[in-house]
Structures are given as C-alpha cells and as structure tokens.
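Here are some short exercises to work through with the model open beside you. Try each task before you read its solution.

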Amino acid sequence: MSVAGDLGNVIKGELAGRENDDEIIVFETAGVATQDLVAAREIYDKAVEAGVGIQWG
C-alpha cells in the first residue's frame, strides 16, 4: 500500500482521486465534526455532479 496524500489534497484538487475501479481509497476520520461535515458535503456534491449514487427521501 502506498499513500499519495490525504483527503484534503483530493478535495482541493491538488491530487487525483480514484482513477479506476481497481483503486481503493481508505478514509479514516476521527475527532473533528466540522471536518467530517465538510468532507461529507464535498463528497456528496461531487457525486451529484457526476450523477452517481442513490438519492432517497
């Protein structure tokens, strides 16, 4: 396993996220609720923009 950066680098566009389905991203979050919310919102917005995921209720 190699570490290329952190989630912040991906969110800021400084580092590419997954480039294919064979790549795995491990995301660990601990301790800071504000950072968790910002990360969740960024992930959600990118999923909506890409038209992926499931929308409910």
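**Exercise 1. Is Leu7 buried, partly exposed or exposed, and what relative accessibility supports the choice?**

Solution. This is a predicted model, so keep in mind that each value here is computed from it. Step one: take the relative accessibility of Leu7, which is 25%. Step two: compare it with the cut-offs, where buried means under 20% and exposed means over 50%. Step three: Leu7 therefore counts as partly exposed. To place the residue, look in helix H1. You can also check a spacing: Leu7 and Gly17 are 10 residues apart in sequence, and their C-alpha atoms are 8.6 Å apart in space.

**Exercise 2. Assign Val10 and Gly5 to an exposure class, using the relative accessible area of Val10 and that of Gly5.**

Solution. Start with Val10, which lies in helix H1. Its relative accessible area is 26%, so Val10 is partly exposed. Next, find Gly5 in the segment before H1. With a relative accessible area of 38%, Gly5 is partly exposed. Now add the distances. From C-alpha to C-alpha, Val10 and Asp36 are 15 Å apart, with their positions 26 residues apart in sequence. Gly5 and Leu15 are 10 residues apart along the chain, and their C-alpha atoms are separated by 7.2 Å.

**Exercise 3. Which helices each supply at least two residues of the lining of the second largest pocket, and which gives the most?**

Solution. First, list the lining: Leu7, Val10, Ile11, Glu42, Ile43, Lys46, Ala47, Ala50 and Val52. Second, set this list against the helix ranges: H1 (7–11) and H2 (33–50) each supply at least two residues. Third, pick the main contributor, which is H2 with 5 residues. Fourth, sort the lining by character: 7 residues are nonpolar, none are polar and 2 are charged. Finally, note the volume of this pocket, about 260 Å³.

**Exercise 4. Describe the whole chain: how many helices and strands are there, and what share of its residues counts as buried?**

Solution. Begin with the secondary structure, which consists of 2 helices and 0 strands. Then turn to burial: of the 57 residues, 2% count as buried. For the overall dimensions, the C-alpha trace spans about 40 × 30 × 20 Å along its principal axes. The accessible surface comes to about 5,300 Å², and carbon and sulfur atoms account for 54% of that surface. Last, look at the charges: the chain has 4 positive and 11 negative ones, and their mean positions are 5 Å apart.

Methods. Residues are numbered from 1 along each chain as its sequence is written. This is a predicted model: local features need pLDDT of at least 70, side-chain atom pairs count only at pLDDT 80 or more; totals for chains, interfaces and linings use all residues. Side-chain values use heavy atoms; hydrogens and water are left out. Helices (H or I, at least four residues) and strands (E, at least two) are DSSP runs, numbered from the N terminus. Buried means under 20% relative accessible area, exposed over 50%, partly exposed in between (1.4 Å probe, protein chains only). Accessible areas come from the Shrake-Rupley method with a 1.4 Å probe; for residues, only the protein chains shown count as cover. Lys and Arg count as positive and Asp and Glu as negative; His and the chain ends are not counted. The place of a charge is taken as NZ of Lys, CZ of Arg, CG of Asp or CD of Glu. On a 1 Å grid over the protein atoms alone, a cavity is a set of points where a 1.4 Å probe fits but cannot get out, and a pocket is an open set with protein on both sides within 12 Å along at least five of seven lines; lining residues have an atom within 4 Å of a point. Grid points are joined across faces, edges and corners, and a volume is the space filled by probe spheres set on the points. Ala, Val, Leu, Ile, Met, Phe, Trp, Tyr, Cys and Pro count as nonpolar, Asp, Glu, Lys and Arg as charged, and the others, Gly among them, as polar.
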